[in-house]
Amino acid sequence: WIDTFREFHSEPDQYTWWHLRSRARERNVGWRIDYFYVNEGFLGHVKDSFILANVEGSDHCPIGLDISI
């Protein structure tokens, strides 16, 4: 299985979860615990995989997957 986000983004400090009580999101100290995995045969259909870090309201943020079939 292939981590689609890392296929398109190699930059560090990209997270999908931050501890709320320590204000970790403000400091961007978190974990990336939300993923889209695909098998090698489907990878060619994936056009982008992304983290919507600016969407607030939870300790997680949404992730997205752009595919073309």
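Of the 69 residues of the protein, 26% count as buried in this predicted model. The accessible surface comes to about 4900 Å². Carbon and sulfur atoms account for 51% of that area. Along the principal axes, the C-alpha atoms fill a box of roughly 40 × 20 × 15 Å.

The protein contains two helices and six strands. Their order along the sequence is β-α-β-α-β-β-β-β. Strand E1 covers residues 2–3. Helix H1 (4–8) and strand E2 (17–18) flank a loop that holds aspartate 13. Helix H2 spans residues 24–27. Strands E3 (30–31) and E4 (37–38) are joined by a loop that includes isoleucine 33. Strands E5 (46–51) and E6 (63–67) bound the loop that carries glycine 57. Contacts were also examined by sequence separation. Among those between residues at least 6 apart in sequence, 56% join residues at least 24 apart.

Charged side chains number 7 positive and 11 negative. The centres of the two sets lie 8 Å apart. Side chains of opposite charge can pair when their charged atoms come close. Two salt bridges were counted in the model. One of them joins arginine 32 to aspartate 3, with 2.3 Å between the closest N and O atoms. This pair links distant parts of the chain. Arginine 32 belongs to the loop between E3 and E4, whereas aspartate 3 belongs to strand E1, and the two are 29 residues apart. Arginine 32 has a relative accessibility of 14% and therefore counts as buried, the limit being under 20%. Aspartate 3 is buried as well, at 16% relative accessibility.

A salt bridge also connects the side chains of arginine 23 and glutamate 26, at 2.7 Å from N to O. Both of these residues are exposed. For arginine 23 the relative accessible area is 52%, so this residue passes the limit of 50% for exposed positions. Arginine 23 is placed in the loop between E2 and helix H2. Its backbone is also notable for a positive phi of about 55 degrees, although arginine 23 is not a glycine.

Aspartate 13 likewise has a positive phi in a residue other than glycine, with a value near 60 degrees. Aspartate 13 sits in the loop between helix H1 and strand E2. Its relative accessibility is 46%, so aspartate 13 counts as partly exposed, between the limits of 20% and 50%.

Tryptophan 18 lies in strand E2. With a relative accessibility of 3%, tryptophan 18 counts as buried because the value is under 20%. Beyond residues up to four places away in sequence, tryptophan 18 touches Ala24, Arg25, Asn28, Val29, Gly30, Ala53, Asp59, His60 and Cys61. The C-alpha atom of leucine 43, 25 residues away along the chain, is separated from that of tryptophan 18 by 28 Å.

Glycine 30, one of the residues touched by tryptophan 18, lies in strand E3. Glycine 30 is buried at 16% relative accessibility. Leaving aside neighbours within four places in sequence, its contacts are Tyr15, Trp17 and Trp18. Serine 10 is 20 residues from glycine 30 along the chain, and their C-alpha atoms are separated by 17 Å.

Glycine 57 occupies the loop between E5 and E6. At 80% relative accessibility, glycine 57 counts as exposed. Glycine 57 and tryptophan 17 are 40 residues apart in sequence. In space, their C-alpha atoms are 12 Å apart.

A nonpolar patch on the surface is formed by Trp1, Trp31, Ile33, Tyr35 and Tyr37. Together these residues have about 660 Å² of accessible area. Isoleucine 33, one of the patch members, is found in the loop between E3 and E4. Its relative accessible area is 39%, so isoleucine 33 is partly exposed. That value also exceeds the limit of over 30% used for patch residues. The E3–E4 loop thus holds isoleucine 33 and also arginine 32. Isoleucine 33 is partly exposed, whereas arginine 32 is buried.

Terms used
Residues numbered from 1 in each chain as written. Predicted model: local features only at pLDDT ≥ 70, side-chain atom pairs only at ≥ 80, totals over all residues. Heavy atoms only, no water. Patch = residues over 30% accessible without salt bridge, like charges linked within 9 Å, V, L, I, M, F, W, Y side chains within 5 Å. Areas by Shrake-Rupley, 256 points an atom, 1.4 Å probe, with all protein chains shown as cover. Salt bridge = Lys/Arg side-chain N within 4 Å of Asp/Glu carboxyl O. Helix = DSSP H or I, 4+ residues; strand = E, 2+ residues; numbered from the N terminus. Buried < 20%, exposed > 50% of the residue type's maximum accessible area, 1.4 Å probe, protein only. Contact = heavy atoms within 4.5 Å. Lys, Arg positive; Asp, Glu negative; His and termini not counted. Charge placed at Lys NZ, Arg CZ, Asp CG, Glu CD.
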